[in-house]
Amino acid sequence: MEIRIAGTVSESIVDGPGLRYVVFTQGCPHNCEGCQNPETHDFSGGRVVDTDDLYKECTDDPLHDGVTFSGGEPFCQAEALYQLGLKLKKHGLHLMCYSGWTFEELMKKAENEEYVGKLMAITDILVDGRFEIEKRSLSLKFRGSENQRLIDVPKSLENGKAIEINIS
């Protein structure tokens, strides 16, 4: 399946726990002031790649603990990321997603957008909420602003509400 991406990082320790492969999706409707990836906002930018090729890149390094979907806004390409994420999970990799939408907004979107719900169902950790420059903090792990939450998605889906986690 094809997906439009801005790029990838093959080894990251700042985009989630452990050593991670990061896929930066292309296209974002949020346009947060001070976004660290403004080049990912244009939905026609970046390049189109095949998710099978991304899967191979993600799994080539046996030291990877997981894969992070960042952006852009990953949930704007939920079907392609679900297909890729499903294969990555079967390979034993941890899955983390960033989103400008909150957990609650994504659950509402999932009522009408099947693959938003499916992508949430295979996600281990969600960093949710728009980046707010006035709440920016360099001391936060895996987040840019204090309003953003680290959500344990399986527990949250089980409990029907966002359950935050503390990663130190």
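Begin with the whole protein chain shown as a surface: about 8,300 Å² of the protein chain is exposed, and carbon and sulfur atoms supply 47% of that area. Keep in mind throughout the tour that this is a predicted model.

Next, switch to a trace of the C-alpha atoms and turn it about its principal axes, along which the protein chain spans about 35 × 35 × 35 Å. The radius of gyration of the protein chain is 15 Å, which agrees with the value near 15 Å that a compact globule of 168 residues would have. If you then colour the residues by burial, the buried ones make up 48% of the 168 residues in the protein chain. Displaying contacts adds to this view: among those in the protein chain with a separation of 6 or more, 64% are accounted for by residues 24 or more positions apart.

Now change to a cartoon, in which the protein chain has 5 helices and 7 strands. Following the protein chain from the N terminus on, you will pass the elements in the order β-β-β-α-β-α-β-α-α-β-β-α.

Select the charged side chains after that, and you will have 18 positive and 28 negative charges in the protein chain, with the mean positions of the two groups 3 Å apart.

For the next stop, turn to the aromatic rings, where a search of the whole structure finds 1 aromatic pair. Select Y82 and Y115, whose ring centres are 5.8 Å apart and whose planes stand at 50°, so the pair is tilted; a pair counts as stacked only with planes under 30 degrees apart, and as edge-to-face with planes over 60. Y82 lies in helix α2 (residues 78–90) and Y115 lies in helix α4 (residues 114–122), so the pair ties together parts that are 33 residues apart in sequence. With the surface shown again around these two residues, compare their cover: Y82 is buried, with a relative accessible area of 13%, whereas Y115 is partly exposed, with a relative accessible area of 22%. The cut-off that divides the two descriptions is 20% relative accessible area, under which a residue counts as buried.

Stay in helix α4 for the last stop and select K118, which has its place in this helix. K118 is partly exposed, with a relative accessible area of 28%. Finally, add E39 to the selection and draw a line between the two C-alpha atoms: K118 and E39 are 79 residues apart along the chain, and their C-alpha atoms are separated by 27 Å.

Notes
Residues numbered from 1 in each chain as written. Predicted model: local features only at pLDDT ≥ 70, side-chain atom pairs only at ≥ 80, totals over all residues. Heavy atoms only, no water. Helix = DSSP H or I, 4+ residues; strand = E, 2+ residues; numbered from the N terminus. Rg over C-alpha atoms; globule rule 2.2 N^0.38 Å. Buried < 20%, exposed > 50% of the residue type's maximum accessible area, 1.4 Å probe, protein only. Contact = heavy atoms within 4.5 Å. Areas by Shrake-Rupley, 256 points an atom, 1.4 Å probe, with all protein chains shown as cover. Lys, Arg positive; Asp, Glu negative; His and termini not counted. Charge placed at Lys NZ, Arg CZ, Asp CG, Glu CD. Phe/Tyr/Trp six-rings, centres within 6.5 Å; stacked < 30°, edge-to-face > 60°.
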